Amino acid sequence: ESEIAEFLGATSDDNVKKYDQWLNYCLGAYAVETLVALKDQQSIIDIYTEMSARTGFEGAFSKIYGVEWKSALPVLAKTIYANIRGK
């Protein structure tokens, strides 16, 4: 669970590159799946739209989901971990 939070909280390519590329893909897919379940599929598109307006990821996330990324990160990691374990 802590490694998932570390991965999702990575702020540069250097941090993410230490993980296997398939792990990057799988954890990214789990994160998107969880965020869609929390709100809807449009929320993912909305994040990209906000980021293209130079809002940045954290600002876009906060605007779309109504909570700061730092606060959501542990919950998201815990949810993904439970999903991986089949719970």
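**Close-up 1. F61 and W69, two buried aromatics.** Both F61 and W69 are buried in this predicted model. For W69, the relative accessible area comes to 11%. The ring centres of F61 and W69 sit 5.0 Å apart with the planes at 75°, so this counts as an edge-to-face pair.

**Close-up 2. The aromatic cluster of F57, F61, Y65 and W69.** These four residues make up one cluster, and the structure has 5 aromatic pairs. One of them is F57 with W69, again edge-to-face, with 5.0 Å from centre to centre and 80° between the planes. F57 belongs to helix 5 and W69 to helix 6, so the pair links parts of the chain that are 12 residues apart in sequence. Unlike a buried residue, F57 is partly exposed, at a relative accessible area of 34%.

**Close-up 3. The buried face of helix 5.** Here we look at A60, F61, I64 and Y65, which are buried. Viewed down the helix 5 axis, the buried residues fit within an arc of 105°, so they line one face of the helix. As a reminder, an α-helix has 3.6 residues a turn, so residues three or four places apart point the same way. Among the elements covering the buried residues of helix 5 are helix 3, helix 4 and helix 6. Just after helix 5 comes G66, with a positive phi near 75°.

**Close-up 4. The largest nonpolar core, with a look at L8.** This core counts 19 residues, and L8, F61, Y65 and I80 have the most contacts inside it. Helix 1 (2-8), helix 3 (21-38), helix 4 (41-52), helix 5 (57-65) and helix 6 (69-84) each give two or more residues to the core. Helix 6 provides the largest share, 6 residues. Setting aside neighbours within four places in sequence, L8 makes contact with A31, W69, L73, L76, A77 and I80.

**Close-up 5. S43, a buried serine paired with Y65.** S43 sits in helix 4 and is buried, with a relative accessible area of 0%. Its side chain meets that of Y65 in a polar contact of 2.7 Å. Not counting residues up to four places away in sequence, S43 touches L35, I64 and Y65.

**Close-up 6. R54, out in the loop.** R54 is part of the loop between helix 4 and helix 5. Phi for R54 is near 65°, a positive value in a residue that isn't glycine. R54 is exposed, too, with a relative accessible area of 79%.

How values were computed: Residues are numbered from 1 along each chain as its sequence is written. This is a predicted model: local features need pLDDT of at least 70, side-chain atom pairs count only at pLDDT 80 or more; totals for chains, interfaces and linings use all residues. Side-chain values use heavy atoms; hydrogens and water are left out. A nonpolar core is a set of buried Ala, Val, Leu, Ile, Met, Phe, Trp, Tyr and Cys residues joined through side-chain atoms within 4.5 Å. Buried means under 20% relative accessible area, exposed over 50%, partly exposed in between (1.4 Å probe, protein chains only). Helices (H or I, at least four residues) and strands (E, at least two) are DSSP runs, numbered from the N terminus. Contact means heavy atoms within 4.5 Å. The arc is that of the directions from the helix axis to the C-beta atoms. A polar contact is a pair of N or O atoms within 3.5 Å; within protein, one must be able to donate a hydrogen and the other to accept it, and residues adjacent in sequence count only if both atoms are side-chain atoms. Rings of Phe, Tyr and Trp (its six-membered ring) pair if their centres lie within 6.5 Å; planes under 30 degrees apart count as stacked, over 60 as edge-to-face and the rest as tilted.
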